Amino acid sequence: MSVVSKGLEGIVAAETRLGEVNGAEGILFYCGYDINELAGKVSYEEVVHLLFYNRLPNQAELDKLTMALRAERELPQGVIDFLKSAPKNARPIDVMRTAVSMLGCYDMKRHDVEVGENLATAIRLVSQIGVVAAYFHRARQGLELPEVRKDLSEAAHFLYLMSGEVPSKEAEQTLDVAYVLHAEHGFNASTFTARVVASTLSDMYSAISAGIGALKGPLHGGANEGVIHMLQEIGSLENVDAWVEDALAQKKKIMGIGHRVYKVLDPRAPHLCEMAIKLTSQLGEAKWIQMSERIAEIMRERKGLNANVDFYSATVYYSLDIPTDLFTPIFAIARMSGWTAHVLEQWSENRLFRPLSEYVGRPYGQKVVPIAKR
Ligand SMILES: CC(C)(COP(=O)(O)OP(=O)(O)OC[C@H]1O[C@@H](n2cnc3c(N)ncnc32)[C@H](O)[C@@H]1OP(=O)(O)O)[C@@H](O)C(=O)NCCC(=O)NCCS
């Protein structure tokens, strides 16, 4: 009998040069760089270069990639029409998944993995995904869709399209660091999903649409939305202890807590926590971070579990005035670089993913009884 690893825990499914999650020590590397070395020192665009080309760019290389990204911002009219006509109460992450799939219908030449257009497709997706999310958010409110601009960074451009106003430097930098922290994370569920799809030699758009579907779940990227819902439900610092005790008694999962790989603190969490403390105190809404810190403390004491990336990012986005149902789409915007880099890596050394399963069903040799006699 073969050994079954439920949830593929502990299984090494392939090699990668992109990200390494050291769960025992709580260290995350992108192409050999510790996330603590990158966060706050390099822009998201530099990280995109790092993931696509396996090294940080010099200024000329960064300028070239930045121009390539900004040149791709315009969406096909058919996709804009879809964003305008999608149900206003649809979940933005569902609209995003569908729009990525649609983008593939406007880009037929890039479906053939032999064409060598895959890096161009990756750049296009990194560039367009934020436009998709912001345009849908505008359209569902019945607002005009601002023309895309070429003079703003990825983070600033997203905030600009959302609000119609160029954001403050501080807001831009906050989102930029959040993008850096979310860009890559090894074989997490959505990246693995994208690589599985790519391994069949399907196309980039199909791989990414599937990845977005995986990200959406509350056990993965959907957790950041769950965190804000939880904080709103708890309401005040005084209610935290009783609420958490009750949730644990009911064996509920506390969103933003726990991780499959990290057995110590997720190294991204302190960066986001620091940003959340600063932003909430500026807004005079320190209670959100105080509640979060108390929840994290109880979970450490009671279950030995730590906060993960989603726990504090929720408060950061909330403080940037971003609606809750755009939190997971923002995760997708940032992770687009990691997903597409993984798809490119998969194709560079492809082998079809095809694991086995352990059969535990009815005994073998069942006989078909005619339908009238069943
Ligand atoms: C991330 C996650 C899916 C990892 O799951 P996993 O590795 O399969 O771990 P399990 O679900 O088997 O949990 C192991 C134990 O810790 C507990 N646990 C794990 N995360 C928990 C949480 N967030 N709240 C309460 N208990 C939790 C489980 O109940 C289980 O306890 P038990 O052994 O007493 O039954 C899980 O921690 C979780 O659901 N977290 C909340 C969602 C979230 O924040 N996801 C984003 C991840 S970046």
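Reader: Why is the meeting of the side chains of Arg124 and Asp107 called a salt bridge?

Author: In this predicted model, the side chains of Arg124 and Asp107 are 3.7 Å apart, N to O. A salt bridge needs a side-chain nitrogen of Lys or Arg within 4 Å of a carboxyl oxygen of Asp or Glu, so the pair qualifies. Arg124 belongs to helix H6 (residues 118-140), and Asp107 to the loop between helix H5 (92-105) and H6. The two residues are 17 residues apart and link distant parts of the chain.

Reader: How many salt bridges does the structure hold?

Author: The count is 19.

Reader: What makes the approach of Lys253 to the ligand a polar contact?

Author: An N or O atom in the side chain of Lys253 is 2.8 Å from an oxygen atom of the ligand. The cut-off for a pair of N or O atoms is 3.5 Å, so this is a polar contact. The side chain of Arg260 also places an N or O atom 2.8 Å from an oxygen atom of the ligand, and that pair therefore passes the 3.5 Å limit.

Reader: Which part of Leu219 lies 3.0 Å from a nitrogen atom of the ligand, backbone or side chain?

Author: A backbone N or O atom of Leu219 does. At 3.0 Å this pair is within 3.5 Å, so it too is a polar contact. On its own the ligand has 860 Å² of accessible area, and the protein covers 66% of that.

Reader: Where does the ligand sit, and which residues come nearest?

Author: The ligand sits in the largest pocket. Around it are 18 residues, of which Lys253, Ile254, Gly256, Ile257 and Arg260 come nearest. The shell divides into 8 nonpolar, 5 polar and 5 charged residues.

Key
Residues are numbered from 1 along each chain as its sequence is written. This is a predicted model: local features need pLDDT of at least 70, side-chain atom pairs count only at pLDDT 80 or more; totals for chains, interfaces and linings use all residues. Side-chain values use heavy atoms; hydrogens and water are left out. A residue is near a molecule or strand if one of its heavy atoms lies within 4 Å of it. A polar contact is a pair of N or O atoms within 3.5 Å; within protein, one must be able to donate a hydrogen and the other to accept it, and residues adjacent in sequence count only if both atoms are side-chain atoms. Accessible areas come from the Shrake-Rupley method with a 1.4 Å probe; for residues, only the protein chains shown count as cover. On a 1 Å grid over the protein atoms alone, a cavity is a set of points where a 1.4 Å probe fits but cannot get out, and a pocket is an open set with protein on both sides within 12 Å along at least five of seven lines; lining residues have an atom within 4 Å of a point. A molecule sits in a cavity or pocket if more than half of its atoms lie within 2 Å of its grid points. Ala, Val, Leu, Ile, Met, Phe, Trp, Tyr, Cys and Pro count as nonpolar, Asp, Glu, Lys and Arg as charged, and the others, Gly among them, as polar. Helices (H or I, at least four residues) and strands (E, at least two) are DSSP runs, numbered from the N terminus.
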